[in-house]
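Trainee: I want to learn how structural terms are justified. Could we go through some together?

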Amino acid sequence: MPLLLLIEQILNGLQFGVMLFLMAAGLTLVFGVMGLINLAHGSLYMIGAFAAAATAAATGSFLLALVASLTAAAIAGVIVEMTVMRRLYDRDHLDQVLATFALILIFSEGTRWLFGSFPLYLDTPGWLSGSTVLPFGITYPKYRLAIILVGLAVAMGLFAMIARTRIGIQIRAGENDRETVGALGVNIARLYTLVFALGAALAGFAGALIGAIQSVQVGMGEPVLILAFVVIVIGGIGSIKGAFVGAILVGLTDTLGRSLLPVLFGLFMDTSSATTIGSSLASMSIYILMAAVLIFRPRGLFGTA
Amino acid sequence: MIRESTLNAALLILLLAVPLAALLLDEPFIITLATRAVIFAIAGVGLNLALGFGGLVSLGHAAFFGIGGYAMGILAYHAQTFTPIMEWPFVIQGTKAMPVIWLTAVVASAIAALGIGVLSLRTTGIYFIMITLAFGQMLFFFTISWPAYGGEDGLSIYVRNGFAGLNTMDPITFFAICYGLLLAVLWLVSRIARSPFGLALGAARQNEARIQAVGQRPFTLYLVAFTISGAITGLAGALFADLNRFVSPTMFSWQTSGEIMVFVILGGVGRVFGPVAGAAMFIFLEHVLGGLSEFWHIYLGAILLGIVLFARGGLIGLVSGREVADD
């Protein structure tokens, strides 16, 4: 495989990885701080994408669409947190899985009812369409490059927020000992709502960014949700650093697996069976990665015992 | 409030009475619905052994459901195309005989559950939920991308498999077969629950340290429960494939795992008859709400949410007035 193509695939993997990080960050914060498994996180991603597509169709502005995705997902997050999630924090994981599974049904069908079953399209803005030339003569689509940069910027902002701001300190303290934090005068209920809204906004933002590459449709959230869970489990649940490493690892494994494995198998078998075996192994690769990580480190790469 | 044993008996009678009434009224579709409920109940009873009695929250039971389905699909496919499954080192032919298919489905899914269990039981809590999900997804993507048995399109079987002396294409006969198997599985699981093994398993769920202190290995208890659980769900998968005469990767999807879990929780976790009530209720809601509105999943979701938030012992717990199952 030519080197340039390989670099392009690595960039694609990186782009996929930072998107997964935006999804996984909210999921891992919500689990770390509130101890909640939220299967409906994919629905917030879908809500963000639909809000963006509807706004872009109405106003024609991509930036307004992004703002709409953040706002809509955050509002949906606050509503869900205050009506349902709050009652689930003290329940066992089983109840949380079932209740949030029920929320997926409600959100998916509700969106289908509002927007219909046909996919919507969100166009990339003119100033981000086409390709750009990177050093060493690599041509790469501008929009995907922008996603990588925005994703990295959000990741850095999140790290800074967790490490340096007052709210970050409260979040970390809440992960360790929620009673003490409450006793010290932090409004725990408000902190939880805030964390949930933050995670929801990130998911909605990811949905809008990806919506411009793929189509915006009901059910788009679930495949990403499963991948985001794979990411946070690999990274260690509750760890933002783990979510970042896990996301990049999953993004690269999936993208490179799909392009490299068929070539690799082609070295010692005929092309058609190499394609078959290579691509079926590639589609399983991230789950194999996750199972392997859990078998050797049952609490993920950065998980605490 | 009604006693739980009375309720269980009423449930079984109702599940038998509905298709019989449908037979008299000449409504074969209702019989098919009842058969679906019975098959889902078997899958749920299987999951309940791991989830309810062992406390192992598996979000990967679609793996066993699918393996059972594909055991049926592959055997029947080779029988209908008259090609052997393998020729070397010895010839294995396909078959259309239900008992052989059931046995294959049970053994294959038990082996898979043993393997997945050995690896997954190294983890606990949410990590266990996620690693079982990962194994289910692995098989899902494998069946989608492996072209030998239909890939994404699945496999169609033209004629339902046979059972010596019975006309299995007759809906009520096939219902009777599935109902008989459900009774057998219920009997088996209630025996297991009351056996020394079942008691030790329940104890391990409640307090691992104590069960270790009396000389039992929780890992072994969990693994045996997980294996039997997978085998029962595999049997349900074979029946489900036979009901539809079709298998596809959808059987392996994580939504299938979610639905089987819904049957268990809807009915009541850790009660032998819980999944029967849950599956029957699910099919009933699907039929009734599906007739009311195209967007019936909204109502289903709202009902599920209500049950999780406000009826903690599931349907059976709600009716019998006891939140916690006996153990």
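Trainee: What follows H2(B), and what is the sign of its phi?
Mentor: B:Gly55 follows H2(B), and its phi is positive, near 70 degrees. Keep in mind that this is a predicted model, where local features need pLDDT of at least 70, side-chain atom pairs count only at pLDDT 80 or more, and totals for chains, interfaces and linings use all residues. Residues are numbered from 1 along each chain as its sequence is written, while chains are lettered from A and ligands numbered from 1 in the order in which they are written.

Trainee: What makes a run of residues a helix?
Mentor: Helices are DSSP runs of H or I with at least four residues, strands are runs of E with at least two, and both are numbered from the N terminus. Helix H2 of chain B covers residues 28-53.

Trainee: How do you know that the length of H2(B) agrees with the expected span?
Mentor: The expected span is 1.5 Å times one less than the number of residues. For the 26 residues of H2(B) that gives 38 Å; the end C-alpha atoms are 36 Å apart, so the two agree.

Trainee: Where does H2(B) bend?
Mentor: At B:Leu47, by about 40 degrees. The bend is the angle between axes fitted to the seven residues ending at a residue and the seven starting there.

Trainee: Why is H2(B) called largely enclosed?
Mentor: Because 22 of its 26 residues are buried. A residue is buried if 20 or more other C-beta atoms, placed from the backbone, lie within 10 Å of its own, exposed if 12 or fewer, and partly exposed in between.

Trainee: Why is A:Ala203 called buried?
Mentor: A:Ala203 has 36 C-beta neighbours inside 10 Å, so it counts as buried. A:Ala203 sits in helix H8 (residues 188-211) of chain A.

Trainee: Which residues does A:Ala203 touch?
Mentor: Contact requires C-beta atoms, placed from the backbone, within 7 Å. Leaving out residues up to four places away in sequence, the partners of A:Ala203 include A:Leu22, A:His41, A:Tyr45 and A:Ala73.

Trainee: What makes a nonpolar core?
Mentor: A set of buried Ala, Val, Leu, Ile, Met, Phe, Trp, Tyr and Cys residues, joined through C-beta atoms within 7 Å. The largest here has 211 residues, and A:Val230 and B:Ile42 have the most contacts inside it. Among the residues that A:Val230 touches are A:Ile286 and B:Ala134.

Trainee: How many residues does each chain give to the contact?
Mentor: Chain B gives 37 and chain A gives 37. On the side of chain B, H5(B) supplies the largest share, 14 residues. By class, that side has 29 nonpolar, seven polar and one charged residues. Ala, Val, Leu, Ile, Met, Phe, Trp, Tyr, Cys and Pro count as nonpolar, Asp, Glu, Lys and Arg as charged, and the others, Gly among them, as polar.

Trainee: How do you know that chain B agrees with a compact globule?
Mentor: The radius of gyration is taken over C-alpha atoms, and the globule rule is 2.2 Å times the number of residues to the power 0.38. For 327 residues a compact globule would have a value near 20 Å; chain B has 20 Å, so it agrees. Buried residues make up 52% of chain B.

Trainee: Why is chain A called as compact as a globular protein of its length?
Mentor: Chain A has 11 helices and two strands. Its radius of gyration is 20 Å, close to the 19 Å that the rule gives for 305 residues, so the description fits. In chain A, 51% of the residues count as buried.

Methods. Two residues are in contact if their C-beta atoms, placed from the backbone, lie within 7 Å.
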